[in-house]
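Okay, thanks for coming, everyone. I'll put the structure up and then walk through a few things in it.

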Amino acid sequence: MKQKRTAFITFFPIKPDNMGSSAVINSRFNSWPLKKKIFQLSHLDKYEGQNVETFQIKKENPYNKIINLHRIIFGAYKYLKYGKKNILVIEGASWIFYSFCTLIFFKLFSPSTRVIYISHSIEYEVRKKYSNFFIYYFTFILEYFVFKLAFISTSVSKFEKKKIYKLYGQKTYIYPNGVNIRTQDFKKIIKYKYIIYTGSYQYKPNKIAIDYLNEIIMPNLIKEFPDIKLVLTGGGYKKKFSWLINKGVVKKNLLYNLINFASCMCVPLDFGTGTRIKIIEALMLGCVVLSTKKGIEGIDIIKRNPPFISSKKKMIKKLIFILKNRKKFKKKSDRFKKHYINKYSMKNITRRFINYII
């Protein structure tokens, strides 16, 4: 007897788990109760597991993804062919063109498959900020059809839900970003006091934030705290500073260790859509967070400090205040973390979503 199957498609590597989006997708996949398999495009060393099929590309760029798109689509199609009442989950943390092509293929050749589009952000807004007119207008058209044609489309917050409806006139199910925090005994590995920022330097909003930390915040902060360090994770940053500890891409257990012992996670973001999983993880771990309003946008926070919300201009003053009162704010963060674990546990979020669609 045929069994219901779910295929997850991602157009970037999520295994190994080395970035915020991959943490979200892996947590969602691990929490999904039905028979399932991941199909991923990856420029990294080939990863194969019982429930993972990797389609390797030479380099992480749109051209390589486009010419290999048929491989991942047919891989998912063949897997679902042997199931009944199947589900295809398209993870949308990539250019919408890939999601559109996948959706149209399954609409034409497997119309009984229920396609769920998981929106991580509003792609049009990202392209409008960083791409030319043709790309962002083309993205707008494709994103409209993806939201319109999918069996279910999701948004990460009430804020994004309203924006999607205003842009495209389409209703979405709120499926927040979340993770399943791994419980572990943390052991301090950096002897200095430090603030932390996590995220790949290759992503433009992260690049701007990391440059601001190293060029504006840290030179001023060390005047007050000469031994304070900045820890970066996520990879892509090559410059060296006396205050910088650059860990590059790290495994999840090490990342959580670094966040746990940080005096503060500082997030001076100017732009972004969706919700920042780095902040959600920090709140779930009881880390003190200082962020711009844009950085914390879409996260349902307890309206008592911490976390702290500040303009970039006032961040240095606010950081000094936090570091001088670190023990007090750490106790508060530890007290609030149970709220965020319950709120953003992917197991809880996914259970509610499954009950909705089945």
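So, how many cavities of 30 Å³ or more does a search of the whole structure find? One. Before I go on, keep in mind that this is a predicted model.

That cavity has a volume of about 50 Å³. Its lining is made of Leu-283, Gly-286, Cys-287, Pro-306, Pro-307, Ser-333, Phe-336 and Tyr-340. Helix 12, residues 326–344, gives the largest share of that lining, with three residues.

Now the pockets. The second largest one comes out at about 570 Å³, and 21 residues line it. Nearest its centre you'll find Ser-157, Gly-298, Ile-299, Asp-300 and Tyr-344. Helix 12 turns up again here: together with helix 7 (158–168), strand 7 (173–174) and helix 13 (346–357), it is on the list of elements that each supply at least two lining residues.

On to the sheets. Strand 7 belongs to an open sheet of seven strands, ordered 3-2-1-4-5-6-7, with parallel pairing. Which strands stand at the edges? Strand 3 (52–56) and strand 7 do; each has a single partner strand, so one side of each has no neighbour in the sheet. Further in, strand 1 (residues 5–10) runs parallel to strand 4 (residues 87–91), and four bridges join them. If you want one to click on, Ile-9 has Ile-90 in strand 4 as its bridge partner.

There is also an open sheet of six strands, in the order 10-9-8-11-12-13, and the pairing there is parallel too. Its edges are strand 10 (244–248) and strand 13 (308–309), and because each has a single partner strand, one side of each is left open in the sheet. Strand 9, residues 229–233, pairs with strand 10 over four bridges, in the parallel sense. One to look at is Leu-232, whose bridge partner in strand 10 is Asn-246.

Next, charges. Side chains of opposite charge can pair when their charged atoms come close. The count here comes to 14 salt bridges, and I'll go through a few.

Back at the edge strand of the seven-stranded sheet, Glu-53 pairs with Lys-37, with 3.6 Å between the closest N and O atoms. Glu-53 sits in strand 3 and Lys-37 in strand 2 (residues 35–42), so this pair ties together parts that are 16 residues apart in sequence. Are the two buried or partly exposed? Glu-53 is partly exposed, because its relative accessibility is 26%, while Lys-37, at 18%, counts as buried.

Compare that with Glu-123 and Arg-127, whose N to O distance is 2.5 Å. Both are in helix 5 (residues 123–130), four residues apart, or about one turn of the helix. Glu-123 is buried at 6% relative accessible area, and Arg-127 is partly exposed at 23%.

Then there's Lys-294 with Glu-297, at 3.1 Å, N to O. Lys-294 is partly exposed at 22%, and Glu-297 is buried at 16%. Finally, a network of salt bridges links Glu-125, Glu-160 and Lys-163.

Last item, the surface. Phe-133, Tyr-137, Ile-141 and Phe-145 make a nonpolar patch of about 390 Å². Phe-133 is in helix 6, residues 133–149. Why does Phe-133 count as exposed? Because its relative accessibility is 54%, and the cut-off for exposed is over 50%.

That's my tour, so over to you.

Definitions and conventions: Residues are numbered from 1 along each chain as its sequence is written. This is a predicted model: local features need pLDDT of at least 70, side-chain atom pairs count only at pLDDT 80 or more; totals for chains, interfaces and linings use all residues. Side-chain values use heavy atoms; hydrogens and water are left out. Patches are made of residues with over 30% relative accessible area and no salt bridge: like charges are joined within 9 Å, nonpolar side chains (Val, Leu, Ile, Met, Phe, Trp, Tyr) within 5 Å. Accessible areas come from the Shrake-Rupley method with a 1.4 Å probe; for residues, only the protein chains shown count as cover. A salt bridge is a side-chain nitrogen of Lys or Arg within 4 Å of a carboxyl oxygen of Asp or Glu. Buried means under 20% relative accessible area, exposed over 50%, partly exposed in between (1.4 Å probe, protein chains only). Two strands pair if DSSP finds at least two bridges between them. On a 1 Å grid over the protein atoms alone, a cavity is a set of points where a 1.4 Å probe fits but cannot get out, and a pocket is an open set with protein on both sides within 12 Å along at least five of seven lines; lining residues have an atom within 4 Å of a point. Grid points are joined across faces, edges and corners, and a volume is the space filled by probe spheres set on the points.
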